Amino acid sequence: MGEEKPTSQMTAEMSEIAETRETPETPETPSAPPGGSSSRRPDRAALITAGAVLAACAGLVLYGVLGTGNGDGQAKQPPTPTAPVTYEVTGTGTADLTYQARDETGKATVVRHAHLPWHTTVDVPLGQNPTISIVLDQHGGTARCSLAIRGQNIQSATAAGTFGRATCSATLPRPDAS
């Protein structure tokens, strides 16, 4: 065999050989940042951060969908009790109709140029006054409105002539008066 070289001399020769060897097929890898940490750690940190952001967004979406309040920090109030009200308009031709439906603010629903006969059943909050008004068009004619609460006929009225008008209304008791 040959003569033995000291270990430090062998290490120096091996690193010299490694530096001079060319490997064109192998892409260059970036050198590790100072401190010796690998290049994978920033990717892992980015994934953890992205996962945390995604989880927070999913939580906000679920909170919005399920909701625990009405948007002003107060808990939702139970729905107002209602009664079924049937509005009916008989006659021929068309008329403009305005009626009370499920709206605690009392805002009316308007149907323009409704073809007669017409009817609908809606829930009206207790304490509101169910009302339907009819206005005939320029062709006139005769139309009759009627109002029934819980299937019981309460009132009816008749409109006649050009732009004839009629109104049917009733009173629903307040929720606390039952």
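**View 1. Surroundings of Ile132 in the predicted model.** In this predicted model, and with neighbours within four places in sequence left aside, Ile132 is in contact with Tyr87, Val89, Thr98, Tyr99, Trp118, Cys145, Ala166, Thr167 and Cys168. Several of these names return in the next view, since Ile132 itself, Tyr87, Val89, Trp118 and Cys145 are among the residues that touch the most other members of the largest nonpolar core.

**View 2. The largest nonpolar core and the strands that supply it.** The largest nonpolar core holds 27 residues, and those that touch the most other members are Tyr87, Val89, Trp118, Ile132, Ile134 and Cys145. At least two residues of this core come from each of strand 1 (82-91), strand 2 (94-100), strand 4 (118-125), strand 5 (131-136), strand 6 (142-149), strand 7 (152-160) and strand 8 (165-169).

**View 3. The open sheet with strand order 3-2-5-8.** Four strands, paired in antiparallel fashion, make up an open sheet whose order is 3-2-5-8. Strand 3 (108-115) and strand 8 are its edge strands, each of them pairing on one side only. On average, and with direction ignored, neighbouring strands of this sheet are turned by 15° against each other. Strand 5 and strand 8 run antiparallel and are joined by five bridges, and Ser133 stands opposite Thr167 of strand 8.

**View 4. The salt bridge between Arg112 and Asp96.** The count of salt bridges in the model comes to one, and this view shows the side chains of Arg112 and Asp96 meeting in a salt bridge with an N to O distance of 3.7 Å. Because Arg112 lies in strand 3 and Asp96 in strand 2, the pair ties together parts that are 16 residues apart in sequence. The partners can also be described by their accessibility: Arg112, at 58% relative accessibility, counts as exposed, whereas Asp96, with a relative accessible area of 24%, is partly exposed.

**View 5. The open sheet with strand order 4-1-6-7.** Here four strands form an open sheet in the order 4-1-6-7, and their pairing is antiparallel. The edge positions belong to strand 4 and strand 7, each of which pairs on one side only. Between neighbouring strands of this sheet the turn is 20° on average, direction ignored. Eight bridges join strand 1 to strand 4, and these two strands run antiparallel; within strand 4, His119 is the bridge partner of Glu88.

**View 6. The disulfide between Cys145 and Cys168.** The structure holds one disulfide, which joins Cys145 to Cys168 with an S to S distance of 2.3 Å. The pair links distant parts of the chain, with Cys145 in strand 6 and Cys168 in strand 8, 23 residues apart. The link of Cys145 and Cys168 is right-handed, with 90° about the S-S bond. As residues under 20% relative accessible area are classed as buried, Cys145 counts as buried at 0% relative accessibility, and Cys168 is likewise buried with a relative accessible area of 0%. Both cysteines appear in the first view as well, where Cys145 and Cys168 are among the residues in contact with Ile132.

Definitions and conventions
Residues numbered from 1 in each chain as written. Predicted model: local features only at pLDDT ≥ 70, side-chain atom pairs only at ≥ 80, totals over all residues. Heavy atoms only, no water. Core = buried A, V, L, I, M, F, W, Y, C linked by side-chain atoms within 4.5 Å. Buried < 20%, exposed > 50% of the residue type's maximum accessible area, 1.4 Å probe, protein only. Contact = heavy atoms within 4.5 Å. Pairing = 2+ DSSP bridges. Axes fitted to C-alpha atoms, helices over the stretch in contact; angles between N-to-C directions. Salt bridge = Lys/Arg side-chain N within 4 Å of Asp/Glu carboxyl O. Disulfide = S-S within 2.5 Å.
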